[in-house]
Each structure stands twice: as structure tokens, then as C-alpha cells.
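Q: I would like to learn how to read the main features of a model such as this one, taking them in turn. Could you give me the general idea each time and then the case at hand?

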Amino acid sequence: MPTKCHLVLLLLLLLLVAVSLPERGVAGELPAFREAAAFRNGLGCPRVARPSSLDDRWLIHIAMTLDATYLRGSVAGVFSVLQHASCPENIVFHFIVAKRGHEELRRVVTTTFPYLSFRLYHFDSNLVKGMISYSIRRALDQPLNYARIYLADLLPSAVGRIIYFDSDLIVVDDVEKLWSIDLGNHVLGAPEYCHANFTSYFTARFWANRAFAASLKGKRACYFNTGVMVIDLRKWREGRYTERLESWMRVQKRFRIYELGSLPPFLLVFAGDVEGVEHRWNQHGLGGDNLEGLCRDLHSGPVSLLHWSGKGKPWLRLDSKRPCPLDSLWAPYDLFRHSSLLSDS
């Protein structure tokens, strides 16, 4: 009969094994995808003089994160952008990845999109691990969720403007229309929603502190979703906006002034200072809220981008045979190689 001491030692051993197991996303564990067709430029597309150069004026730069959990969504997002772009060969994707699975992720992108222009960048999770505090949903606490704060540092200085896309969206319009918006004097452009009640985004401790609350005083503080942003990286670097966002993350770590991941720091730094973009470019919230993930309808108005922000993701709901009606709009962009499609029986 094992003694209590033996049982304790066994439990410790099992814990050590669990901790040492490789994270999802290492070689051999990533999903397989069908190869996408080659998308070519239309006759009216400007010619890129130096395809290998990142500062060509005709290039469109898009940044996304890549990891095992959201890889299927990322692939669908890339596919949707290429399918609807008038000049797909002028688009360069910049993928931000965590350390593990780096080369395997590169292989997946290369085999799925053989003609895609892209670069991979390693994001050091240690940059933010000490500044992240738990939020209302575990997925929001992952270090890679904060990589958008560091785009100006990660990407080469030759990239002066970037579109940032989350990995749970599809584009159903020509992305050049979003790329070409005039940011004016603003660092960042995004669809704004000025009916939002900012009280719900911050804790009572935030509002009780005069110094904290003063950061929003006098501003036309409108909500914007950080899953779709057009960013002037040169102005970002000049204004040291990464440091500004980090400072609020440190405040959060000490005083607990909000409950929702990486969004509130952006609201504190940029709310009231955003170039408004048409709402059609972020029909967000299709994944429901962060707790239940219930089905939702589209907002009124035209649609150029559908965004499954929230807990519910279309690929998970489709696989579980419990899709929401709008998940059928995501399905045509899913390149995942289902086992049923690999069998002749």
C-alpha cells in the first residue's frame, strides 16, 4: 500500500510532467489547411518597384498574431483579405508569433499560401508577463494579446503604417479602402462608438482616484475595438506610445482599475484622439459577450469586415454543430482540412 508520502510525491511528479509538456503549436500539432489559390493583381494595380523592399509606396502592410489556438481563424482572415483585394500581390503580412512553434507556423503559412508575401517576428512574452493582471476571460490574459502594443518596436522602421487585424475576423471588401484612409494628425484610426458608457470599463477604484479619472476629463471619449486599427507607426514611435500604454498596465497591476485585458489601456491613451473610420470596417461583437458568447446579429448598415470578438468563435461553434446564424458567413473562408474531406469513403 502506498503511503501518504508516496502519494504526495506522485502528485508532484505528475504536476512537473504537466508543466513540462510542450505548449500547443509545436511541430506536429498544428492543424493542416488546404492550399489557397494564387491571387493576382488586377490590370489597374500599381506595380511594386522593389518587391523585397518594405518602404515601397504601393505596398499595404497588415499585422496579425499567429498561435496554435487561433491559427484557423488567422488563416481564414488572410484568405478573406486576399480574395477581396484588387491588388493582392501588393499586400505584405507581418505575423507576430511567440517563441515556440515559430518554424512550424512559418511552414503552415508557406504551404497554405505559397504566393504570399509575409514576415514573421518573435514577440518576447517576458515584455508583458510582469504587467498582466487577470481579467474576466482567460484568453484576454495571454501575452500575445498584448503584442499589438509593440508593433512599432517589432516591425522594421521602413514600415511607416500598418493595419492591425485580430485573428477572429474576415474581410469582405477591398482592404485598400481601409488602408488609404487619411489619419490626419492622429496616430490611430478605428471605428468609434460614442454611445458607450465608459463607467463600465473601469472599476470604482479608478473613478474614485482623481488623478486617474482626470485622464478622461474633457475628452470626447469614445469606445473603439482594438481588433481593427490603422496605425501611423512613425508618429507612434515619436510619441512613445508603447511607454504610455505600459504605464497604465503598471497602474492596473497595482490598483486594479479595469477588468478587460488589453483594451482599457488603449482607451485611456487614445480615447478622444482617434480618427474615426466607417463602422462597416468593424462589425464586431459577433462572438457575443466575454462570458456567455451568445449569438448576435449584425449592426445596422453596410458591412466590409465581420469580427467575432467575444467568447464565441465560429470555427468552434461550427465544429460542435451548434453554430450561430452568422457563422455561416465565416465558413466559406475556412481552409481547415477536415478529416471527412480527406477520406474517400
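**Reading the sheet, a helix and a pocket**

A: Let us begin with the sheet, bearing in mind that this is a predicted model. Two bridges join strand 6 (residues 188–190) to strand 9, and these strands run antiparallel; within this pairing, Gly-189 stands opposite Val-230 of strand 9.

Q: Which strand is joined to strand 9 by five bridges, and in which sense do they run?

A: As a general idea, the strands of a sheet pair through backbone hydrogen bonds, in either a parallel or an antiparallel sense. Here the partner is strand 4 (residues 161–165), which runs antiparallel to strand 9, and Tyr-164 is the residue that stands opposite Met-229 of strand 9.

Q: In what order do the seven strands of the open sheet lie?

A: The order is 3-2-1-4-9-6-10, and the pairing is mixed. Strand 3 (117–122) and strand 10 (275–276) stand at the edges with a single partner strand each, so one side of each has no neighbour in the sheet. For strand 3, a parallel pairing with strand 2 (residues 91–97) extends over six bridges, and Val-92 stands opposite Ser-117 of strand 3.

Q: Which residues of strand 9 point one way, and which the other?

A: In a regular strand, side chains alternate between the two faces of the sheet. In strand 9, Val-228, Val-230 and Asp-232 point one way, whereas Met-229 and Ile-231 point the other way, and all are buried. Strand 9 (residues 228–232) is accordingly described as mostly covered, with five of its five residues buried.

Q: What span should helix 2 have, and how far apart are its end C-alpha atoms?

A: The reasoning takes a rise of 1.5 Å a residue, by which the 14 residues of helix 2 (residues 71–84) should span 20 Å; the end C-alpha atoms are 20 Å apart, which agrees. Helix 2 is also mostly covered, with 12 of its 14 residues buried, among them Arg-72, Val-75, Phe-79 and Leu-82.

Q: What is the volume of the second largest pocket, and how many residues line it?

A: Rolling a probe the size of a water molecule over the atoms shows where empty space is left. The second largest pocket has a volume of about 310 Å³ and is lined by 23 residues, of which Pro-88, Glu-89, Asn-90, Tyr-115 and Ser-117 lie nearest its centre. By class, its lining comprises 16 nonpolar, four polar and three charged residues. Ser-117 thus links two of our topics, since this residue of strand 3 stands opposite Val-92 and is also among those nearest the centre of the pocket.

Conventions:
Residues numbered from 1 in each chain as written. Predicted model: local features only at pLDDT ≥ 70, side-chain atom pairs only at ≥ 80, totals over all residues. Heavy atoms only, no water. Buried < 20%, exposed > 50% of the residue type's maximum accessible area, 1.4 Å probe, protein only. Helix = DSSP H or I, 4+ residues; strand = E, 2+ residues; numbered from the N terminus. Pairing = 2+ DSSP bridges. 1 Å grid on protein atoms, 1.4 Å probe; cavity = no way out; pocket = protein on both sides within 12 Å on 5 of 7 lines; lining within 4 Å. Points joined across faces, edges and corners; volume = space filled by probe spheres on them. Nonpolar A, V, L, I, M, F, W, Y, C, P; charged D, E, K, R; others polar. Expected span 1.5 Å × (residues − 1).
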